[in-house]
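Student: I should like a close look at how the strands are paired in this model. Please give the pairing in a connected account.

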Number of protein chains: 2
Amino acid sequence: MGSKRTTRRDLLKSGGALAGGLAVLGQTQASGQTPTVAPTVAPEHDHGSGASPMVKGTKELVEYGQRSHFVTSVRIAHPVGGRHSPDAFGKTFHIATPLQDSVGVITPSSLHYVATTRGAFVPDIDPKQHRLMIHGVVDRPLTFSMEDLKRLPSVTRTHFIECAGNRHNGRQKTVQETHGMVSCAEWTGVLLSTLLKECGLKTSAKWFVAEGAEEVKGASSMPIAKAMDDCIIAYGMNGEAVRPQNGYPLRLMVPGFEGIFHTKWLRRIKVVDRYYMNYNDYGHLEKSEKEAALAFQIGPKSVITKPSGAQQLSGPGFYEITGLAWSGGGAIRSVEVSTDGGKKWNRAEIKAAPQRMSHTRFGYPWVWDGKETEILSRCTDEIGQQQPTREQVAKYWNVPFERSYRVPGLDNSVMPWKINKDGSVTNGLA
Amino acid sequence: MGSKRTTRRDLLKSGGALAGGLAVLGQTQASGQTPTVAPTVAPEHDHGSGASPMVKGTKELVEYGQRSHFVTSVRIAHPVGGRHSPDAFGKTFHIATPLQDSVGVITPSSLHYVATTRGAFVPDIDPKQHRLMIHGVVDRPLTFSMEDLKRLPSVTRTHFIECAGNRHNGRQKTVQETHGMVSCAEWTGVLLSTLLKECGLKTSAKWFVAEGAEEVKGASSMPIAKAMDDCIIAYGMNGEAVRPQNGYPLRLMVPGFEGIFHTKWLRRIKVVDRYYMNYNDYGHLEKSEKEAALAFQIGPKSVITKPSGAQQLSGPGFYEITGLAWSGGGAIRSVEVSTDGGKKWNRAEIKAAPQRMSHTRFGYPWVWDGKETEILSRCTDEIGQQQPTREQVAKYWNVPFERSYRVPGLDNSVMPWKINKDGSVTNGLA
């Protein structure tokens with residue numbers, strides 16, 4: 001689409017800017033060079049990395065590799081998360097993923113966001129001792145060991161998880177602060193429906209409750225229809241065991257639902273005959289069953305991760321604007337990008353076939369003319385839901401613009417990034 | 001297909017086996033329990049994990065998480081790899097990924113296989129200093145910094161890499177030893193064709209050579225048609241920067257070609273007018289251009305990872321047989337599994353839409369009757385190539401069966417796992 005039509009021209013336009021001060025080196029080296037096919041690393045051929053020091057191997061690095069010490073991207077405390085000291089216990093604890101450094105779709109497990117209401121401590125569970133019990137209004141209650149679960153038919157699906165507290169306002173500086181409470185991983189496990197069929201649902205089975213191994217009660221009511229549709233009892237995450245901070249050895253995946261429902265350290269599922277409201281359903285209290293079920297689902301949302309707040313453009317020329325889009329409603333159908341503050345919206349390129357309830361990476365080729373402007377993204381999902389602008393949200397709830405990130409439910413409004421004359425990028429809501 | 005038709009019945013059949021000794025606990029707990037929705041963790045409700053000790057948070061764990069200490073899966077030296085001590089320098093160095101523990105499609109970056117001809121040491125490259133030079137028979141040689149590359153249109157694709165030394169024989173015990181020199185990751189970067197269009201190819205451009213920042217020359221001749229098709233200059237791996245052992249900060253991806261061509265620590269690409277044979281093309285020496293180009297491509301290959309060598313079945317009953325399939329010829333079209341030593345082949349379930357030149361996870365529902373047998377898998381790719389049996393390979397090359405893993409090019413023959421009466425799993429080639 002737009003991208004395909006303009007990329008080549010934009011690249012040529014920007015060729016000068018890109019090559020400026022770079023091609024010289026390349027040309028000099030090329031001309032002064034005999035066409036050796038496997039050249040030795042001689043000073044005159046050195047591009048700056050030939051003389052790199054070597055990192056000695058260690059038994060640990062051979063067995064299990066690590067990232068470069070030049071890569072320093074880390075998780076940070078999310079503004080809404082309350083106490084965040086490593087010794088925080090029994091407190092709301094929100095750690096945001098560094099989206100500004102993200103590439104592709106997968107969030108590295110070490111950088112996956114974490115949200116708990118019990119602090120930085122995590123249960124240290126021995127998988128040999130761990131059990132999952134399924135009971136309630138079923139014909140045959142069953143308890144499964146980890147080995148039992150791994151013998152059953154498995155599924156592998158890429159899904160995002162987002163915390164309902166993932167809200168953006170004018171006081172936040174980076175995309176890690178505005179949107180860092182969402183992540184995406186490749187999850188592997190057994191469909192909950194496979195286990196419930198083994199137990200046999202009674203006709204009175206309407207909702208289910210999940211409990212994790214934590215002092216804080218991890219129970220939340222969810223519709224049994226969701227359980228029979230696509231919920232996963234996950235033991236695998238990005239090709240290895242689920243990480244402790246994400247529920248090792250077992251996590252309930254409820255694709256597209258708010259993060260609070262993806263119960264970590266899962267040990268019990270109870271099938272019940274009615275909707276129970278309990279304190280973990282904060283935000284959903286005093287709702288009818290129908291409203292509650294609907295409110296659980298994450299709306300269509302997207303954000304530009306590069307360029308984003310606190311990043312710096314090195315000058316006019318070509319840049320690919322890139323970011324992530326996701327929706328609890330299913331797969332992303334399309335993403336649009338505006339580079340003029342929302343007056344004109346252009347179709348962005350989707351980087352790979354969108355998966356259901358998964359992050360989708362998008363890109364839009366842009367030549368910055370050096371003038372001040374605002375860049376935004378918005379998405380539409382497969383059931384036709386479109387991500388709203390901040391103005392639309394404020395108007396819908398009839399609240400002041402600056403308060404509109406505090407609306408009931410989730411904040412999935414469009415995020416504007418301001419590009420300043422000096423190439424600095426700042427929060428467009430500030 | 002087969003799987004869908006039999007899964008339910010097999011599960012019911014195995015229900016007894018699965019529930020045996022397990023349902024009791026579940027039933028007892030369920031009956032003795034009042035229907036609290038958010039139960040506290042009382043001894044009578046404890047399934048073994050409620051009393052788990054807690055792991056205290058640390059600044060390091062908050063910033064960058066780690067796996068559970070109960071997860072001990074590590075890479076090991078591959079039998080063919082020569083010296084493997086961490087201080088090995090300038091030696092062939094092959095480290096195999098633990099496929100027996102793999103779940104899903106992605107290989108965790110920390111466990112991605114490593115093969116070098118320069119030992120355990122890796123270049124310690126400062127990305128700010130690193131440059132990629134493209135020269136040779138081009139209109140305009142160019143040199144790119146990491147920041148230049150990250151401004152250009154990006155692609156994100158899941159691709160496997162396999163070492164030509166990934167061969168299985170009767171002396172190996174586990175699937176890590178037989179097939180561990182292959183891995184799969186989500187790679188992000190710039191298409192090489194995007195950069196070559198900027199440089200402008202001269203009409204004499206027929207092949208290209210890649211050089212990495214290592215003492216050992218990393219150059220190999222590759223067809224320019226491949227460069228313009230799907231080669232990626234990758235800076236991202238599984239959502240973060242490429243790991244040092246895999247080429248940080250830049251690696252050449254040549255989807256479907258032997259691992260040796262995926263040049264690590266990439267710093268130079270030279271476009272040339274003819275096929276050069278150099279010592280890194282071992283195995284391809286004395287080949288015609290056409291033969292060489294063809295021999296670069298990985299054939300259709302698959303292996304059962306669970307149950308596999310040295311694993312143990314806990315007794316008769318239901319097991320999902322699962323494994324991985326891949327091909328340099330494109331996407332996997334189908335996978336078949338035999339549970340009777342190759343007499344009958346059954347269609348396996350593909351776990352997700354197969355990607356081109358990517359691992360594809362397959363599963364087949366199986367009820368083990370407790371008798372001795374042999375399980376095998378074979379795959380067919382989108383261009384119709386079918387993975388050969390060991391017998392077919394031996395016959396084709398007219399070599400003894402036991403020597404047939406040493407045939408020219410790759411060994412992509414079918415791998416048999418023997419299931420013994422006691423539930424132990426051993427190498428079917430032994």
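Tutor: The account below follows strand pairing in chain A and then in chain B. The model is predicted, so that local features need pLDDT of at least 70 and side-chain atom pairs count only at pLDDT 80 or more, while totals for chains, interfaces and linings use all residues. Residues are numbered from 1 along each chain as its sequence is written, chains are lettered from A and ligands numbered from 1 in the order in which they are written, and side-chain values use heavy atoms, with hydrogens and water left out.

Strand 18 of chain A covers residues 332-338 (strands are DSSP runs of E, at least two residues, numbered from the N terminus). Six of its seven residues are buried, so this strand is largely enclosed by the rest of the structure; buried means under 20% relative accessible area with a 1.4 Å probe, protein chains only. Strand 18 of chain A pairs with strand 22 (residues 373-381) of chain A in the antiparallel sense over six bridges, where pairing requires that DSSP finds at least two bridges between two strands. Within that pairing, S334(A) has T380(A) as its bridge partner. Strand 18 of chain A also pairs with strand 19 (residues 346-347) of chain A, antiparallel and over two bridges, and there V337(A) stands opposite N346(A).

In chain B, an open sheet of five strands has the order 19-18-22-23-24, with antiparallel pairing. Its edge strands are strand 19 (346-347) and strand 24 (425-427) of chain B, each pairing on one side only. Two bridges join strand 18 (residues 332-338) of chain B to strand 19 of chain B, and E336(B) stands opposite R347(B).

How values were computed: Helix = DSSP H or I, 4+ residues; strand = E, 2+ residues; numbered from the N terminus. Buried < 20%, exposed > 50% of the residue type's maximum accessible area, 1.4 Å probe, protein only.
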